[in-house]
Amino acid sequence: MRDVGLIVKVTRRCNLRCSYCYDWRSGPEHTMPFNVAARMTAAALRDPEHRGVEFLWHGGEPTLVPVEYFEKVMAVQGRLRRPGQSIINSIHTNATNISKKWVDFFRKYGWQVGISVDGPREIHDRHRVDVAGRPSLERALRGYETLRSEGLGVGVISVVDRRALDLGPEAVFDFMAEVGIRNYGINFAMPDPQPHAAPGTRVDHYITSEERNRFLIGLYDRWRAQGDPAIGIREISAIRQRLQNVVGGSLPCTLSGDCFGHLYTVEANGDVNHCCYLLGDPRYRWGNIMRQDFPAIRRSHGMTTIAAENTDEKATLQGCPEVGVCRGGCPMERYMSARHDPEPVSGCCGQAEFISHVRAHPFAQGNG
């Protein structure tokens, strides 16, 4: 039995044109027909291996799909849910399209909501503009305030690209505190995958392991100095949880140790892939939900081959001093590092410096 997460690309249409994003598309064919959503839901919930299923509704911008579409999805879930089976629905939105209708829907069905806020204006508005080139920070913050004022829990994802690195983690932390965002996570920008890229190939929107560690260490030090444990930063909370051997709680997939068979991305046409960051590599496309169910996908040659390769890669990392914490790290990050990091970290998942820093500088109230 396992818990699985389905990143559902319910539409690739988007009202923004973020500079680091390669996910958006135009045209009606890039919105998931309802029969595909229904078939995906049935396949996920009927699989006896799936103890719990999280549907992560992504885009593009998923709020461009009418609320009524998701009302029908909830009806299908209610009909097909097995006794004792847990279902979580979450949506990730740029928050510029939040309305009372959406708020009422989220509340009625208990959806988790995540929004994108990259940081202060000179970061967010540099990258996240609409189709007319207009900035979006004020609209995103209005959406955030609407959700929060209505009593809905809302998390934030901040994408760190070159501009954020230049300004530094302190600027991101201080901005979040200033606008009242107290729970957020960091996603480092990633390029479109290039399967055949030679090691060290330079590309836009790639943040090296060294740069990631440096940013996270700076963010941790600023958080620690501020001294408020109620501010939850996903990457910091996850490492502290692992170091303290806390049982339970939610850990990001990057620390799972084995995401294959536990995480899928489903495209509008029903294609089933692994991580959404690797959609451009056909080796990570393992079937189509309109033709295969999840047991067949787990048995597919593509998935079993990649999973075996991942096991072999992780075996080479056992000498890393922090492998017990990172569990080998994220396969996608190792994939990108092997192709684009000018000085890839060998024998380690690339997070050891950050983990060791947190270990050496534990948080205690009154640090600041």
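**Sheet order, helix packing and aromatic contacts**

In the predicted model, Asn183 stands opposite Gly232, a residue of β7. This pair belongs to the contact between β6 and β7, two strands that run parallel and are joined by two bridges. The wider assembly is an open sheet of ten strands with mixed pairing, arranged in the order β7-β6-β5-β4-β3-β2-β1-β8-β9-β10. Its edges are formed by β7 (232-233) and β10 (285-288), each of which pairs on one side only. In general, the strands of a sheet pair through backbone hydrogen bonds, in either a parallel or an antiparallel manner.

From β7 the sheet continues through β6 to β5 and β4. Strand β6 comprises residues 183-188 and is joined to β5 by five bridges, with the two strands running parallel. Within this pairing, the bridge partner of Val159 is Asn187 of β6, and Val156 stands opposite Tyr184, also in β6. Strands β4 and β5 likewise run parallel and are joined by four bridges. Here the bridge partner of Ile115 is Val156 of β5. Val156 thus appears in both pairings, opposite Ile115 and opposite Tyr184. Strand β5 is mostly covered, with six of its seven residues buried.

Helix α5 provides part of the surroundings of these strands. The helix comprises 13 residues (137-149), and its end C-alpha atoms are 18 Å apart, which agrees with the 18 Å that should be spanned at 1.5 Å a residue. Its buried residues are Leu137, Ala140, Leu141, Gly143, Tyr144 and Leu147. They lie on the same side of α5, because the arc that they cover around the axis is only 155°. An α-helix has 3.6 residues a turn, so residues three or four places apart point the same way. The elements that cover the buried residues of α5 include the strands β4 (112-116) and β5 (154-160), together with the helices α3 (100-109), α4 (121-127) and α7 (169-179). After α5 comes Gly151, for which phi is positive, near 80°.

Helix α8 (residues 209-226) was examined in the same terms. It has 18 residues and reaches 26 Å from its first C-alpha to its last, close to the 26 Å expected at 1.5 Å a residue. The buried residues in α8 are Ser209, Glu211, Arg212, Asn213, Phe215, Leu216, Ile217, Gly218, Leu219, Tyr220 and Trp223. Gly227 follows α8, and its phi is positive, near 80°.

Ser209 of α8 also takes part in a contact with Ser337. Ser337 lies in helix α13 (residues 331-340) and counts as buried, its relative accessibility being 8%, below the 20% cut-off. When neighbours within four places in sequence are left aside, the contacts of Ser337 are Tyr206, Ser209, Pro344 and Val345. By contrast, Gly319 is exposed, with a relative accessible area of 69%. This glycine is placed in the loop between α11 (301-315) and α12 (323-326). Although Gly319 and Cys348 are 29 residues apart in sequence, their C-alpha atoms are 7.6 Å apart in space.

The aromatic residues were considered as ring pairs. A pair of aromatic rings is described by the distance of the centres and the angle of the planes. With ring centres lying within 6.5 Å as the criterion, the count comes to 20 aromatic pairs. One of them joins Tyr69 and Phe70, and this pair is edge-to-face because the planes stand at 70°, with the centres 5.4 Å apart. Both Tyr69 and Phe70 are buried. They are also members of a cluster linked by ring pairs, which consists of Phe34, Phe55, Trp57, Tyr69, Phe70, Trp102, Phe105, Phe106, Tyr109 and Trp111.

Aromatic rings are also approached by charged side chains. Arg17 lies over the face of Trp24, at 3.7 Å from the ring centre. In a further case, the charged end of Arg339 sits over the ring of Tyr335, 3.7 Å from its centre.

Notes. Residues are numbered from 1 along each chain as its sequence is written. Side-chain values use heavy atoms; hydrogens and water are left out. The expected span of a helix is 1.5 Å times one less than its number of residues. Buried means under 20% relative accessible area, exposed over 50%, partly exposed in between (1.4 Å probe, protein chains only). The arc is that of the directions from the helix axis to the C-beta atoms. Contact means heavy atoms within 4.5 Å. Rings of Phe, Tyr and Trp (its six-membered ring) pair if their centres lie within 6.5 Å; planes under 30 degrees apart count as stacked, over 60 as edge-to-face and the rest as tilted. A charge sits over a ring if NZ of Lys or CZ of Arg is within 6 Å of the ring centre and within 35 degrees of the ring normal. Two strands pair if DSSP finds at least two bridges between them.
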